[in-house]
Amino acid sequence: MSYNSIHNYNNIYNFYMTTYAPKSSTPYDSHKKSELRSVYNSIVKMNKEAPLYILDTSRESCSFAVGMKENARELRNTIASLGGVDEDELLNKKAAYSSNENIASASYIGTPADSANAPSIEVEVRSLASQQVNMGKYLPSDEPIALPASTYSFDLNIDELNYEFQFSIKPEDTNRSVQERLTRLINNANIGISSQILTDDDNNSCLRLESNVTGLKDTKPHIFHVTDNKTSKTSGAVDYLGLDYVASPATNARYLVNGTEYTSPSNHVTVDRVYELTLNGVSSEDGETASIGLKTDVESLTENINTLVRGYNSFLRAAAEYGDTHPKSNRIVHDLGSITRTYADGLTSAGLNLNLDGTLEIDTDAVQQTAMGDDAKKAFSSIMDFTRSLVRKSNQISLDPMNYVNNVIVAYKNPGKNFATPYITSAYSGMMFNSYC
């Protein structure tokens, strides 16, 4: 019973992450106790006078509520990544440059206060980190599989976890049909390995298994290993299909920073907690390097505003997509439009133009010209106020996404004589458990 419960919770979490949540995880998703206490107090205050309503628990409403909450979180994290959400830090993040993006690209991960002492560095890449690739045997696609009909299984070990895959072979199965069955089985398991079928000119097909991560850790010889030597069902499929053949072993990245060599299992590395590097290519034999440093204040501000505009437009479009199925989602679009129109004149003068569909468009030359002006701080005050309003709005949507779902109000509370109902806004969380409980 305990095992089944844990298995169900894993399925719930995986379903949530792959269906609703944006594919990102940032340091801004972790919080101090004081911040969590503030969130709780906000929920209590918000719901004390809130009316009672009947929830629309349809699958479409579940997707909308959870999806909008996660998109609001993504917008807030985007703004926070530009320096922070405090008034003195807003849009104050420094931006890094790379003189050779083909070798390495960079972003600044230090604090604004540390930027004055951030050094410039030279990066040379000797080799990139790579995935492990297993290539199966090429077999005639349309020929019957040369394995007896039975229930087969094999073990796949990855990250010190062992997964057993079971599948049936029927007399009418061909090599291709079994390969397709295994491809679906492995991909749907979502354990960090991708499977696909390759076909040659003679209509022979094989399975290709590739790890999602790169590099080797703790001197291990491989990322994953496939075997059916001690499996619980019939063995023989691994040898027949060739699933255990490592065609391309995983390798670690080798790179030099200011002449000192380092290795990493990933192509994403950090340097002195100041720069985050993405290794993109190998340097030429003559020691070609990429110079990494900080952009000027004007360039950094322009890049921050560009990121802000992309985050705003992405959130606006995500809300607009639900307009036909969830009319109340238009309230989010309307609320965002009201915020933008409030600061429209100031945004335009600073270099941000409002399009007819509500999205923003940046005039880079105008932004840079404004930033270099004598009164730049005053000129950008509208952008700062606009950004603070977006933070407040994203927090509101995150706290109560159900406010934008098509619910039916059944009763209003008696003002001033109510008990707090802090869990009403968490109704959407139960939606993730639908069909599991």
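In this predicted model, strands β15 (residues 268-271) and β16 pair in the antiparallel sense over 4 bridges. Within this pairing, Val-269 stands opposite Leu-277 of β16. The hairpin of β15 and β16 has 3 residues between the strands. There, Asp-272 takes a positive phi near 55 degrees. Strand β16 (residues 275-279) also pairs with β3 (residues 104-108), again in the antiparallel sense, over 5 bridges. Ala-104 has Leu-279 as its bridge partner in β16. The two faces of β16 have opposite surroundings: Tyr-275, Leu-277 and Leu-279 make up the covered face, and Glu-276 and Thr-278 the uncovered one. In a regular strand, side chains alternate between the two faces of the sheet.

A further antiparallel pairing joins β9 (residues 193-199) and β10 (residues 204-211) over 7 bridges. Leu-207 in β10 is the bridge partner of Ile-197. This hairpin has 4 residues between its strands. Asn-203 is found in that loop between β9 and β10. Its phi is positive, about 65 degrees, although Asn-203 is not a glycine. With 36% relative accessibility, Asn-203 counts as partly exposed. Asn-190 likewise has a positive phi, near 55 degrees, and is a residue other than glycine. Asn-190 sits in the loop between α4 (175-189) and β9. Its relative accessibility is 45%, so Asn-190 counts as partly exposed. Most residues other than glycine have a negative phi.

The largest nonpolar core holds 39 residues. Ile-305, Phe-315, Ile-332, Phe-380, Ile-383 and Phe-386 touch the most other members. Two or more residues each come from α3, α6, α7, α8, β19 (360-362), α9 (364-371) and α11. Helix α6 gives the largest share, 8 residues. In soluble globular proteins, nonpolar side chains tend to be buried together.

Aromatic contacts were searched across the whole structure, and 8 pairs were found. In one of them, the ring centres of Phe-64 and Tyr-322 lie 4.9 Å apart. The planes stand at 70 degrees, so this pair is edge-to-face. Phe-64 belongs to helix α3 (residues 59-80), whereas Tyr-322 lies in the loop between α6 (297-320) and α7 (329-342). The pair therefore ties together parts that are 258 residues apart in sequence. Phe-64 and Tyr-322 are both buried. Tyr-343 and Phe-386 form another edge-to-face pair, with 6.5 Å from centre to centre and 70 degrees between the planes. This pair also links distant parts of the chain, 43 residues apart. Tyr-343 is in the loop between α7 and α8 (344-350), and Phe-386 is in helix α11 (residues 381-399). Both Tyr-343 and Phe-386 are buried. Phe-386 is thus shared by this pair and by the group of core residues that touch the most other members. Elsewhere, ring pairs join Tyr-152, Phe-154, Phe-165 and Phe-167 into a cluster.

Salt bridges number 12 in the structure. Arg-73 bridges to Glu-70, with the closest N and O atoms 2.7 Å apart. The two are 3 residues apart in helix α3, so about one helical turn separates Arg-73 from Glu-70. Both Arg-73 and Glu-70 are buried. A bridge with a like spacing is found in helix α11, where Asp-385 and Arg-388 are 3 residues apart, about one helical turn. Their side chains meet at 2.5 Å, N to O. Here both partners are partly exposed: Asp-385 has a relative accessible area of 29%, and Arg-388 one of 22%. Glu-261 and Arg-254 form another salt bridge, the closest N and O atoms being 3.0 Å apart. Glu-261 counts as partly exposed at 38% relative accessibility. Arg-254 is partly exposed too, at 32%. These two residues belong to a network of salt bridges that also includes Glu-124 and Arg-126.

The surface carries a nonpolar patch formed by Leu-52, Ile-54, Val-408 and Val-410. Together these four have about 360 Å² of accessible area. Strands β1 (52-54) and β20 (408-411) each supply at least two residues of the patch. Leu-52 lies in β1. Its relative accessibility of 41% places Leu-52 among the partly exposed residues.

Methods. Residues are numbered from 1 along each chain as its sequence is written. This is a predicted model: local features need pLDDT of at least 70, side-chain atom pairs count only at pLDDT 80 or more; totals for chains, interfaces and linings use all residues. Side-chain values use heavy atoms; hydrogens and water are left out. Rings of Phe, Tyr and Trp (its six-membered ring) pair if their centres lie within 6.5 Å; planes under 30 degrees apart count as stacked, over 60 as edge-to-face and the rest as tilted. Buried means under 20% relative accessible area, exposed over 50%, partly exposed in between (1.4 Å probe, protein chains only). Two strands pair if DSSP finds at least two bridges between them. Patches are made of residues with over 30% relative accessible area and no salt bridge: like charges are joined within 9 Å, nonpolar side chains (Val, Leu, Ile, Met, Phe, Trp, Tyr) within 5 Å. Accessible areas come from the Shrake-Rupley method with a 1.4 Å probe; for residues, only the protein chains shown count as cover. A nonpolar core is a set of buried Ala, Val, Leu, Ile, Met, Phe, Trp, Tyr and Cys residues joined through side-chain atoms within 4.5 Å.
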